[in-house]
Amino acid sequence: MIHILHHQRDEIIGWVDEVIEDSHVQAIKNNEETYEFTISAIQRDADKIKSRTRLLIPNEDGDFREFVVDYTQDRAIPMEKDIVAYGSFVDLQKLKVVNPQVLDGQTVRTAASTVLGGLPWQVGITDHSEVNTWSIEKHLDAYSALKEIASLFEMELRFRVTVDGDIVTGRYVDFIERQGINRGKEIVLGKDLTGITRRVLADRIVTSLHCIGPEREDGTRLEVTVTDDAAYQNWNWLGKHLVQVFEPESNNKDMTAEMLTQLGKEELQKRITAAVEYEVDAVSLEHIFGYEHEITRLGDTARVKDEQFNPPLYLDSRIIYVERSVFDETQKEYKLGEVIEYTEDEVMATWRELQSLYALKIVKSNTAPEGNSNIIWIDTSQVPNISRTWNGTAWVKSTPTRANEILFDDLKTIESLKPAQAGADVTGNNTAANTNNVGDQPAANVAGATVNFNSRNDRISALPANPTVATDGTSVDHTINTDGSADISFEWSFSGTGDAYDIDGFIVYVYQSSSSSAYAFGTTPASETVYFVSAEKRAFILYGVPANRYYTLGIQAYRGVDDDIDSTGFKKSSIVKPLVTGENPYRPSSSVAFAGNISGTVNGVAASTLTTQASNGDAAKTLVDANKSIWDRSGNINSDGTWNTSKLAGDIDTSANAIRASSNFYWYQGTLVAIDPNNSNNIVQISSGGIGISSDGGLNFDTIISGNRVVSKELIATDDETQAIKISQNAITAYYEGFLGGRALLSVEDTVPSMWDGNLINPLIEGYGKMYSQRVNIPVPAASYTDGDYIEATVSIKSYANVAIQTVSAILCQAISKEWYAYEVTGSRTFSGELQSFKIRISPNYAYSSSGTTVSIDLMVIGWR
């Protein structure tokens, strides 16, 4: 399911539970992440998905991925909507600018906290505790700054969000040594897999690096060259190395030749492994792995054997790209990169293990098969299923299934690790802690860092001072663009000393409407737009907006603070507005006008062509007016200038001529056009493509009748006003006493017509038959159940007044479970004219122990009104 979030608030406002197709892409390179999907344009909540809308999709491990809609595309035939979204973390490019500076003694966490301060994102997991100097040599956006930190500490970035109910509770940036793990995956190429593509990317091939170190105190730079013999043998050209330049991202002015050489070798190996990619389809991958419950994730290590090479090629690789469907788990593709090649001798031992593995037989059963070391038994008697192997005397679990079965490296279990006494200094094993050090850092250094932490402005609890907006009518101004739009400028002042003036930036609020009435911010937040600007700004320009609308502007100072200072993460001043008449609200112009000449095309026709055609038309009119009396020898033209239609004979080419009955009804260029004389925005046109209607003066047309369908909000079949059949969006209604006496035959509440028994002359159910169906889910607590036990639940009829079952013929119950059966509780029905609710029970079919589950019940109510 796709969760739809409000574009400015972290609240879930809708869902998408069905798609026509979808694609979720993740890649290691550049943290690429996109989500594209197609839905029906008329399904529920489709209209809530717009540009900048935020989306949440479930990840494969139970968490969520957040996206921002880049653009949408609606198609009338078929009625579908395409949505393209990108990972929400990309918006960090627009939320903050980091100034050039040198930050000494930085850990991953302190450097990242500097970047994320005041933003909706916060530092999550960090797999690095070393200290480094971060030199920021140019202005960076927040996203680029995070990537620099990851490169400096040789980490990889991972972005994630947490959700509680309908609210996003956190956005986190993790710095980890490497995404993915080694799950022991084996992929055989060229034989069992047909969906494999191997690419050698020539532009990435390199056999040598010329390494240049950081500039030293005397202005010189250390230079060394590293090579790879295997790469040289594979890819040299005429005995020459393929060389690239490498400058490590380091500010270590004391770097030695040994250090530079080591960095160069590591970089060369990365570039060599990046030169080969494999693309694998998920079905084949699952076939090779052999277990449905096994998983493969972005960044995982995978072993590859390619039998198409001679001698055979053996590889270790990494999954660097994953494309999957959120709604169809069978649709999944991978790309493999970072490839390391081995000889056949180097992997012969592993090959023999693979041969033994392929001889195994997998048996799924809730009872144990006969003991055999070549069988893997998937025990289905427990949920989740357990994999077991034969140890010669008994079937044993392949993996732990309980916490006390998990051992740490020191053979301790979770059970053996008890919480320490409150306030005690302890290590990970509850032994006495060395309070002289924290981690591997002296306690004095940590204390110093704490002092620095408390002096940051995100520890300041004082409210920011209010910005000042001039009251002389100079705070808002505008310029009119040649396309008729306006650029509106808004200025303020902000100066002073003390904590109230230590801020992270300003929030500009904009509200636009067609009303000249004053607006108070917060009245309709959904209609307000906010912009974040940096602390040094004192002006803001709103570009390219309609000039004839009214704009209410406001400015607010803010400071990002830690959660213990303010649970919202911000301290904000009041929103200050211009109060001068004419600026509250502000309207650039009462009219919209283009300036200058139109260039390019108009509806696909060059503007110069239209100018020529208009000029020719004027000349033709002048010529006709001057020569009408000469040419009209046979009375073809009436005295008022109209054509004498009695003179017409033969065909009229409607592609070049319009046939008009009036200005509201005419035939033009193969299309019959009818305009509502009371509302010129309502237009009907009939052409070979069908019948179309427009409610916006002809800018857009909806096809209501074509060669293969009729689309209408309402269809009525009648011979007079007393008897009729009406088909609307949610019901089929029969009328027999005028349109006020209608009765629903079919509606969205699952009603049906009168029902008959073929053995009877009269209907089985007289009057207006009704059938209502519903599925309910009943929670089953963890417990042991025997014959006679039951769990009871109340079923409420949805929209009972519309369903309108006044008399019940039968209530049918079916439990979707082999352990339980369902039945109605006698005398439990409640009515208010119509059936409102009733109770059902489920009881076990046999003695049964539940670990906690949910039983689905399908219900059907048959009756009449």
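In the predicted model, Glu33 is buried, with a relative accessible area of 6%. The partner of this acidic side chain is Arg65, with which Glu33 forms a salt bridge whose closest N and O atoms are 2.7 Å apart. Glu33 belongs to strand β4 (residues 33-40) and Arg65 to strand β6 (residues 64-75), and the pair, 32 residues apart, thereby links distant parts of the chain. Arg65 likewise counts as buried, at a relative accessibility of 8%; because buried denotes a relative accessible area under 20%, both the value of 6% for Glu33 and that of 8% for Arg65 fall within this class.

A salt bridge is also found between the side chains of Asp174 and Arg158, with an N to O distance of 3.1 Å. Since Asp174 lies in strand β14 (residues 167-176) and Arg158 in strand β13 (residues 156-164), this pair ties together parts of the chain that are 16 residues apart in sequence. With regard to exposure, Asp174 has a relative accessibility of 0% and counts as buried, whereas Arg158, at 29%, counts as partly exposed.

A further pair consists of Asp379 and Arg388, whose side chains meet in a salt bridge at 3.1 Å, taken from N to O. Asp379 counts as buried, its relative accessibility being 4%, and Arg388 is assigned to the buried class as well, with a value of 13%. Beyond such pairs, salt bridges with shared partners join Arg52, Arg54, Glu66, Asp91 and Arg171 into one network. Across the whole structure, the search finds 23 salt bridges, among them those of Glu33 with Arg65, of Asp174 with Arg158 and of Asp379 with Arg388.

Charged residues were also examined at the surface, where Glu215, Glu217, Asp218 and Asp254 form a negative patch. One of these residues, Asp254, is found in the loop that lies between β19 (243-246) and α4 (257-273). Asp254 is exposed, with a relative accessible area of 63%, and is so classed because the term exposed applies to values over 50%. The acidic residue Asp254 of the patch is thus exposed, whereas Asp174, which is paired with Arg158, is buried at 0% relative accessibility.

Key:
Residues numbered from 1 in each chain as written. Predicted model: local features only at pLDDT ≥ 70, side-chain atom pairs only at ≥ 80, totals over all residues. Heavy atoms only, no water. Salt bridge = Lys/Arg side-chain N within 4 Å of Asp/Glu carboxyl O. Helix = DSSP H or I, 4+ residues; strand = E, 2+ residues; numbered from the N terminus. Buried < 20%, exposed > 50% of the residue type's maximum accessible area, 1.4 Å probe, protein only. Patch = residues over 30% accessible without salt bridge, like charges linked within 9 Å, V, L, I, M, F, W, Y side chains within 5 Å. Areas by Shrake-Rupley, 256 points an atom, 1.4 Å probe, with all protein chains shown as cover. Lys, Arg positive; Asp, Glu negative; His and termini not counted. Charge placed at Lys NZ, Arg CZ, Asp CG, Glu CD.
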